[in-house]
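The exercises that follow ask you to read geometry and environment from a single protein model, one step at a time. Try each task on the coordinates before you turn to its solution.

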Amino acid sequence: MPNYFKALVDADDEPIVICDVNHIIVYMNPTAVKRYAKRGGAKLIDKSIFDCHNAHSKEIILSVFEKFLNDPTLNKVYTYTKNWDNEDTDVYIVALRDSAGTLISYYEKHESRLHEKA
């Protein structure tokens, strides 16, 4: 069977960075590799997500991760909005769970909104 899930993530035009429960980057879609090229791009895979985040971001990630562990119904948390190239980008952390609801991974998901051009 084709790997539909990888194809879905790779087709997303927003960066997706997937981490395991030990906070190690296990996958970056092509958009993430390109977006984070100055920080190492694909070389970030197999490294801690905290190697490329500041202390404040680390606090946020750990806080959301703890919420995911304590609430198996919680699967998406908004973290902040950033402006890139005249786009507001909402950044979320999303839980990935197995069929029993156990947290097995998480990822950073961006959702961009283009500004209106008058």
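## Exercise 1: the two sides of a helix

On the face of α3 that is turned away from its buried side sit the exposed residues A55, H56, E59 and N70. The model is a predicted one, and the exercises should be read with that in mind.

**Task.** Determine which residues of α3 are buried, and compare the expected span of helix α3 with the distance between its end C-alpha atoms.

**Solution.** Begin with the length: helix α3 covers residues 55-70, and its 16 residues, at 1.5 Å a residue, should span 22 Å. The expected span is 1.5 Å times one less than the number of residues, and the end C-alpha atoms of α3 are 23 Å apart, which agrees with the expectation. Next, take the accessibility, where the cut-off for a buried residue is under 20% relative accessible area; S57, I61, V64, F65 and F68 of α3 are buried. These residues cover an arc of only 105 degrees around the axis, so they lie on the same side of α3.

## Exercise 2: an enclosed space and an open one

**Task.** Find how many cavities of 30 Å³ or more the structure holds, and state which residues line the largest cavity.

**Solution.** The structure holds one cavity of 30 Å³ or more, and about 60 Å³ of space lies in the largest cavity. Its lining is made up of V17, C19, I49, H53, I61, I93, Y106, Y107 and E108. Sorting this lining by element shows that β1 (16-20) and β5 (103-114) are the elements that give two or more residues to it, with the largest share, three residues, coming from β5. Sorting by class gives seven nonpolar residues, one polar and one charged.

**Task.** Describe the largest pocket by its volume, by the residues nearest its centre and by the classes in its lining.

**Solution.** The volume of the largest pocket is about 460 Å³. Of the 26 residues that line the largest pocket, Y36, R39, H53, Y80 and E108 lie nearest its centre. At least two lining residues are supplied by each of β2 (25-28), α3, β3, β4 (87-97) and β5. By class, the lining of the largest pocket divides into 15 nonpolar, six polar and five charged residues.

## Exercise 3: two positive phi angles

**Task.** For H23 and then for D46, decide whether the residue is buried or exposed, and say where in the chain each one lies.

**Solution.** H23 is found in the loop between β1 and β2, and its phi is near 70 degrees, a positive value in a residue other than glycine. With a relative accessible area of 10%, H23 is buried. D46 lies in the loop between α2 (30-35) and α3, and its phi, near 80 degrees, is likewise a positive value in a residue other than glycine. D46 has 63% relative accessibility and therefore counts as exposed.

## Exercise 4: two residues of β3

**Task.** Place T79 and K82 in the fold, and list the contacts of each, leaving out residues up to four places away in sequence.

**Solution.** T79 is in strand β3, which runs over residues 76-84, and because its relative accessible area is 18%, T79 is buried. Its contacts are with I60, V64, V91, Y92 and I93; V64 is also among the buried residues of α3. K82 is likewise placed in strand β3, but with a relative accessible area of 33% K82 is partly exposed. K82 is in contact with E87, D88 and T89.

## Exercise 5: two loop residues

**Task.** Work out which residues E14 and P72 touch beyond four places in sequence.

**Solution.** E14 is in the loop between α1 (4-11) and β1, and at 11% relative accessibility E14 counts as buried. E14 is in contact with N29, T31, K109, H110 and S112, while the C-alpha atoms of E14 and A32, 18 residues apart along the chain, are separated by 7.2 Å. P72 belongs to the loop between α3 and β3, and at 51% relative accessibility P72 counts as exposed. P72 touches R97 and G101, and P72 and T102, 30 residues apart in sequence, are 7.0 Å apart in space, C-alpha to C-alpha.

Methods: Residues numbered from 1 in each chain as written. Predicted model: local features only at pLDDT ≥ 70, side-chain atom pairs only at ≥ 80, totals over all residues. Heavy atoms only, no water. Helix = DSSP H or I, 4+ residues; strand = E, 2+ residues; numbered from the N terminus. Buried < 20%, exposed > 50% of the residue type's maximum accessible area, 1.4 Å probe, protein only. Contact = heavy atoms within 4.5 Å. 1 Å grid on protein atoms, 1.4 Å probe; cavity = no way out; pocket = protein on both sides within 12 Å on 5 of 7 lines; lining within 4 Å. Points joined across faces, edges and corners; volume = space filled by probe spheres on them. Nonpolar A, V, L, I, M, F, W, Y, C, P; charged D, E, K, R; others polar. Arc of directions from axis to C-beta.
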